[in-house]
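Q: Please take a close look at a single part of this entry, the surface near the DNA. A connected account would be preferred to a list.

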Number of protein chains: 2
Amino acid sequence: MNVQRRRTKILNLIRTRPVLSQSQLSQRLKAEGCHATQATLSRDLRALNLVKTHAGYKLPDQLGANGDNTERQRLTIIQFMVEVQAAGNLVVVRTHPGNASPVALSLDTIGWKEIVGTVAGDDTILVVTANAATARLVRRRLLALNN
Amino acid sequence: MNVQRRRTKILNLIRTRPVLSQSQLSQRLKAEGCHATQATLSRDLRALNLVKTHAGYKLPDQLGANGDNTERQRLTIIQFMVEVQAAGNLVVVRTHPGNASPVALSLDTIGWKEIVGTVAGDDTILVVTANAATARLVRRRLLALNN
DNA sequence: GCCCCAAAAGAATAAATATGCAAACAAGCG
DNA sequence: CGCTTGTTTGCATATTTATTCTTTTGGGGC
């Protein structure tokens, strides 16, 4: 079994279902008639530039999607957010200078369906919501983030 | 030092320069007056949903960027690519049925500046290049991928 | 204050991953 | 073929990470 074929198999396995460890990967490969030790797989995974998440090895592309984790976003927001106001169907978020971008990214990925989209400047973010009531709701939730 | 502040520090450290191991992270935190053992950091990294790459721990966002690795793309392309033709400033890539998407993604991320963009169907990809000569060049490079 | 509960952290250790080194293998050349 | 050179792999092991179990910490309520 040559390097190329083995690595292709690895990619296919990882694309289809979670692979949690290198020994698990070794077993699944063996089931397909491809023998390799953990040491070899360690080298393969590096060559393929795969990353290890708590849910298994992933292609870098497969990552942005599974953003069900919000702890990181929450911390970024409370770290930089200075002031929040609702204005019509917008929420205006002020941040420490220069830090609007990371906060906006967090708002985009935190998974609140009330947030339609965001526009970030240097220290100001406009968060677009459906209507004024929703804007006020989002404002309240932002203020409540630091428990 | 409470959880929230420590995790914020972790995010900042990781955003600024590579953190290769949890013990290294522990040392850098200590240098900022924040003591924590490796066990605690293991739990923090999971809570923050960070991923481990061969170049250190990263935020999922930081990943698409460092795509200097092409081995994965190369394997995906040679696995599914069936035929390549140049036509004007386009390259037409045929793949095994249903596999145009992963190949197109690989073409998009392999980092060839000659490739302006791609459109994928079910088993066909149109690769847009600047002109006919470039299209022929890309075709040749694709054919040469399987060494 | 004291007591109780829950969350957080550490110590010890199990589990997983990376790596130095030697053996196996492959490709080219005389 | 036999020799050299470079790559790939496995084995043994060092290093790193996850987990279990225990201790500490940080609030409420009284």
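A: A residue is near a strand if one of its heavy atoms lies within 4 Å of it. The model is predicted, so local features need pLDDT of at least 70 and side-chain atom pairs pLDDT 80 or more, while totals for chains, interfaces and linings use all residues. Residues are numbered from 1 along each chain, chains are lettered from A and ligands numbered from 1 in the order written, and side-chain values use heavy atoms, without hydrogens and water.

DNA strand D is taken up first. There are 18 residues around DNA strand D, and those that come nearest are Arg6(A), Thr40(A), Arg43(A), Gln22(B) and Tyr57(B). Both protein chains are thus represented in that group. Of the atoms of DNA strand D within 4 Å of the protein, sugar or phosphate provides 60%, and bases provide the rest.

Several polar contacts (pairs of N or O atoms within 3.5 Å) can be located on the phosphates. In chain B, a polar backbone atom of Gln22(B) is 2.7 Å from a phosphate oxygen of DNA strand D. The other two contacts described here for this strand use side chains: a polar side-chain atom of Ser42(B) is 2.9 Å from a phosphate oxygen of DNA strand D, and an N or O atom in the side chain of Tyr57(B) is 2.6 Å from a phosphate oxygen of the strand.

The secondary structure places these residues in context (helices are DSSP runs of H or I, at least four residues, numbered from the N terminus). At least two residues of the surface near DNA strand D come from each of α1 (3–16) of chain A, α3 (38–47) of chain A and α3 (38–47) of chain B. With five residues, α3(B) supplies the largest share of this surface. By class, the surface near DNA strand D comprises six nonpolar, seven polar and five charged residues; Ala, Val, Leu, Ile, Met, Phe, Trp, Tyr, Cys and Pro count as nonpolar, Asp, Glu, Lys and Arg as charged, and the others as polar.

DNA strand C can be described in parallel terms. It is surrounded by 18 residues, of which Gln22(A), Ser42(A), Tyr57(A), Arg6(B) and Thr40(B) are the closest. Sugar and phosphate make up 62% of the atoms of DNA strand C that come within 4 Å of the protein. On the side of chain A, a polar side-chain atom of Tyr57(A) lies 2.5 Å from a phosphate oxygen of DNA strand C. Chain B contributes through Arg6(B), with a side-chain N or O atom 2.7 Å from a phosphate oxygen of DNA strand C, and through Thr37(B), with a backbone N or O atom 3.0 Å from a phosphate oxygen of that strand.

For DNA strand C, α3 of chain A and both α1 (3–16) and α3 of chain B each give at least two residues to the nearby surface. The helix that gives the most is α3(A), with five residues. The class division of the surface near DNA strand C is six nonpolar, seven polar and five charged residues.

The arrangement of the two protein chains completes the picture. Chain A superposes on chain B (RMSD 0.3 Å) by a rotation of 179° with 0.1 Å of shift along its axis, fitted by least squares on C-alpha atoms with pLDDT of at least 70 in both copies. The two copies are therefore related as by a two-fold rotation axis. Within chain A, Lys52(A) has the C-alpha nearest the axis, 2.6 Å from it. The same surface serves both copies, since 100% of the contact residues of chain A recur in chain B (contact means heavy atoms within 4.5 Å).

Methods. A polar contact is a pair of N or O atoms within 3.5 Å; within protein, one must be able to donate a hydrogen and the other to accept it, and residues adjacent in sequence count only if both atoms are side-chain atoms.
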